[in-house]
Amino acid sequence: MNAKTQNELHHLSNTHLDALEEETIFILREVAAAFERPTLLFSGGKDSLVMLKCAEKAFGAGRIPYPLLMIDTGHNFKEVTDFRDSRAKELGAELIVRSVEDSMKKGTVRLAHPGESRNVHQSVTLLEAIEEFRFDALIGGARRDEEKARAKERIFSHRDSFGQWQPKAQRPELWTLFNHKLQPGEHFRVFPISNWTELDVWQYIAREKIALPSIYYTHKREVVDRRGLLVPVTELTPPKDGEKVEIRDVRFRTVGDITCTCPVESDAATPEQIVIETLAADVSERGATRMDDKTSEASMEKRKKDGYF
């Protein structure tokens, strides 16, 4: 880390992290107390790893009282799924993995063509997992600063018996009093780090020394510049005719399905260096890296109404 980075970090306060951590721990405990069959969505990504750290503090190492759930498209980055498995094993936590490919075999998911992204179809597999295990609360790492539709959502976000979100029928949350009453077949999506920002997450990762998958840090990767996004060159995302393949120093700000997740150019190799980069960023992480959010202004809200997390 150079002298400039050290100086900027020295003047950047992180005392607010204690309040954010305290709120998250309170919500995680509230879920454990209020629901019979909760689960924590765990992808191996940075936000779910931050929640997992808070859960360890809330309940003690090796004593997280609900299973971890991953909806796997089958097209996730191997570095992330390997890290997911090793972290769950290290914690001694129950890890449930359900795959979009299984839904395809059952016929509940049908792709329009073989190359279609499976990302949006996670909703179907997620709802099937909810029905299979009768989950009444699903804890996720979505944050309000990520995207407009997520900014609208409550911390305890009610879903009807079809798994759908109704934006105009949300319950008030005054003085951190959460209404978690359910009718048969309904469930809640709970977002303990709603009030965190991307900068908060990276400051917390730096403070707590949370290990992450390697692709969050700078590495060399083949990419093509496509409509302002650096699309990784893979078997699933090959270059199109006329596109120039380049090797660049990149990192991922967010991770998801390979077919819709792009890296950004970066030489940041530590959480501290990413904190400095994040301070200068003028585009949200999803806006800068997610092809699936580029389809329309309302694309995320429509998917959430259909059951997407």
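Colleague: When do two strands pair in this predicted model?
Modeller: The model is predicted. Two strands pair if DSSP finds between them a number of bridges of at least two.

Colleague: What is the strand order of the open sheet of six strands?
Modeller: The pairing in this sheet is mixed. Its edge strands, each pairing on one side only, are β3 (95-99) and β5 (156-159). From one strand to the next the twist averages 30 degrees. The order is β3-β2-β1-β4-β6-β5.

Colleague: Which residue in β3 stands opposite Met70?
Modeller: Strand β2 covers residues 68-72 and runs parallel to β3. Five bridges join β2 to β3. The residue in β3 opposite Met70 is Val97.

Colleague: Is the pairing parallel or antiparallel in the open sheet that four strands form?
Modeller: Strands of a sheet can pair in either way, through backbone hydrogen bonds. Here the order is β8-β7-β9-β10, with β8 (229-232) and β10 (264-265) as the edge strands. The pairing in this sheet is antiparallel.

Colleague: Which residue in β9 stands opposite Glu222?
Modeller: Strand β7 takes in residues 219-226, and strand β9 takes in residues 246-251. Five bridges join these two strands, which run antiparallel. Opposite Glu222 in β9 stands Ile247.

Colleague: Is Thr261 buried or exposed?
Modeller: Thr261 is found in the loop between β9 and β10. The cut-off for a buried residue is under 20% relative accessible area. Thr261 has a relative accessible area of 0%, so Thr261 is buried.

Colleague: Which backbone oxygen does the side chain of Thr261 reach, and at what distance?
Modeller: A polar atom of the Thr261 side chain lies 3.4 Å from the backbone nitrogen of Gly256. The backbone oxygen that the side chain reaches is that of Asp257, at 2.9 Å.

Colleague: How many residues of helix α8 are buried?
Modeller: Helix α8 spans residues 198-208 and is mostly covered. Among the buried residues are Leu199, Trp202, Tyr204 and Ile205, as well as Glu198 and Asp200. Of the eleven residues in α8, the number buried is ten.

Colleague: What phi does Lys209 take?
Modeller: Lys209 comes just after α8. Its phi is positive, at about 55 degrees.

Colleague: What accessible area do Leu174, Trp175 and Leu177 have together?
Modeller: Leu174 has its place in the loop between β5 and β6 (187-190). With Trp175 and Leu177, Leu174 forms a nonpolar patch on the surface. Together their accessible area is about 420 Å².

Notes
Residues numbered from 1 in each chain as written. Predicted model: local features only at pLDDT ≥ 70, side-chain atom pairs only at ≥ 80, totals over all residues. Heavy atoms only, no water. Axes fitted to C-alpha atoms, helices over the stretch in contact; angles between N-to-C directions. Patch = residues over 30% accessible without salt bridge, like charges linked within 9 Å, V, L, I, M, F, W, Y side chains within 5 Å. Areas by Shrake-Rupley, 256 points an atom, 1.4 Å probe, with all protein chains shown as cover. Salt bridge = Lys/Arg side-chain N within 4 Å of Asp/Glu carboxyl O. Buried < 20%, exposed > 50% of the residue type's maximum accessible area, 1.4 Å probe, protein only. Polar contact = N/O pair within 3.5 Å; in protein donor to acceptor, adjacent residues only side chain to side chain.
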